[in-house]
Amino acid sequence: MPKLSYLKALNRALGDELERDPTVFLLGEDIRAAASNVTAGLFGRFGPDRVLDTPLSEQAFTNFATGAALAGMRPVIEFQIPSLLFLVFEQIANQAHKFSLMTGGQCKVPVTYVVPGSGSRTGWAGQHSDHPYTLFAHVGVKTVVPATPADAYGLLISAIRDDDPVVFFAPSGALGVRDDLDFATLAPVPLGVGRIARSGDDVTVVALGHLVQDALTAADELAGLGISVEVFDPRTVYPLDVEGLAESVAKTRRLVVIDDSNRTSGFASEILAIAAERFDLAAPPRRVTRPDGAVLPFALALDRAVQPGRDQLVTAIHAVLEE
């Protein structure tokens, strides 16, 4: 079977939806030139009416997309850098997200915000390295962080077809992941349904996006020591597959979360709160996160030391098993 990279899966999903639905169009900065390669070749296939370069004003094109969605279109915005979402948090959380709720469902705002970047450990420094998926989940915006090419394709298809705003994070650390796939099996993946990336019996590790690969590597390492690690990939931060997580934790009764957001009020904090309320654990759960208040340094060695990864995860797994 041919190999499909995560990046190519995103590109294929965009092309397939542009082909299928004439109301879908792309917009963003430098997408005609495909600066991030997510939109490579799409301008040539679909032209300037469907692939729109915008001015350098995130607030302007984000509100433009909301208006287009209210008028019956399905815009897909590509943001080059996750930190730019801070500029448009009001437009997404307070405007696009609330129109349907405030009109009793009479208005639909099907906008997809594709956000490649961060989670990369590549020295993007302070103002380019944020990974703010927890902010959108906190206010109830549908938030997606796929880990594999098949999920990148399937979840992006579902996000574009969804009638609500969806923020779709594509971590840089996952863009090069490649899988052997039968392209005929590529299909939409429903939002809010997690998956077991690896079965195990001793401890459940919850990981998102590029950190799923770290969790699988740690599981392989620990298998040599007789430790059986189950890796649960939620795929979507909101809505969260709590029932799928509960089934995994009911089997292992131990829980570790690795999360590429800050420790306080992060995704890992929410998982641990759910565990405290609902799960019967044999040991206190552990979390591996970015440190609070961290501004990621430009120096690559320091960048990698700050971000969560395999080594910290292995230490946390050993700790929870020793309780």
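**Close-up 1. Helices α7 and α11 pack against each other in this predicted model.** Here we meet helix α7, residues 211-223, and helix α11, residues 310-322. Their axes lie 9 Å apart and form an angle of about 55°. An angle that is neither under 35 degrees, nor over 145, nor from 65 to 115 counts as oblique, and α7 and α11 are therefore oblique to each other. Their crossing is right-handed. To find the contact, look in α7 for D214, A215, T217, A218, E221 and L222. Their partners in α11 are R310, L313, V314, I317 and H318. Sorted by class, the residues of this contact are 6 nonpolar, 2 polar and 3 charged.

**Close-up 2. Helices α3 and α4 run roughly parallel.** Next come helix α3, residues 58-70, and helix α4, residues 89-102. The two axes come within 11 Å and cross at roughly 5°. Angles under 35 degrees count as roughly parallel, which is why α3 is described that way relative to α4. On the α3 side, the contact is made by Q59, T62, N63, T66 and L70. On the α4 side, Q91, I92, A96 and F99 take part. This contact has 4 nonpolar and 5 polar residues, and no charged ones.

**Close-up 3. Helix α4 and what covers its buried residues.** Let us stay with α4, a helix of 14 residues. From its first C-alpha to its last, α4 reaches 18 Å, close to the 20 Å expected at 1.5 Å a residue. Which residues of α4 are buried? They are Q91, I92, A93, A96, H97 and S100. Among the elements covering them are α3, strand β5 (112-116), helix α5 (133-138) and strand β7 (166-170). After α4 comes G104, which has a positive phi near 65°.

**Close-up 4. Y113 and its surroundings in strand β5.** Is Y113 buried or exposed? Y113 has a relative accessible area of 0%, and buried means under 20%, so Y113 is buried. Beyond its neighbours within four places in sequence, Y113 is in contact with T62, I77, F79, I92, A96, P165, V166, V167 and F168. Some of these names will be familiar: T62 belongs to the α3 side of the contact in the second view, while I92 and A96 belong to the α4 side. For a sense of scale, Y113 and V203 are 90 residues apart in sequence, and their C-alpha atoms are 34 Å apart in space.

Technical notes: Residues are numbered from 1 along each chain as its sequence is written. This is a predicted model: local features need pLDDT of at least 70, side-chain atom pairs count only at pLDDT 80 or more; totals for chains, interfaces and linings use all residues. Side-chain values use heavy atoms; hydrogens and water are left out. Axes are lines fitted to C-alpha atoms, for helices over the stretch in contact, and angles run from 0 to 180 degrees between N-to-C directions. Helices (H or I, at least four residues) and strands (E, at least two) are DSSP runs, numbered from the N terminus. Contact means heavy atoms within 4.5 Å. Ala, Val, Leu, Ile, Met, Phe, Trp, Tyr, Cys and Pro count as nonpolar, Asp, Glu, Lys and Arg as charged, and the others, Gly among them, as polar. A crossing is left-handed if the near helix is turned anticlockwise from the far one by less than a right angle, and right-handed if clockwise. The expected span of a helix is 1.5 Å times one less than its number of residues. Buried means under 20% relative accessible area, exposed over 50%, partly exposed in between (1.4 Å probe, protein chains only).
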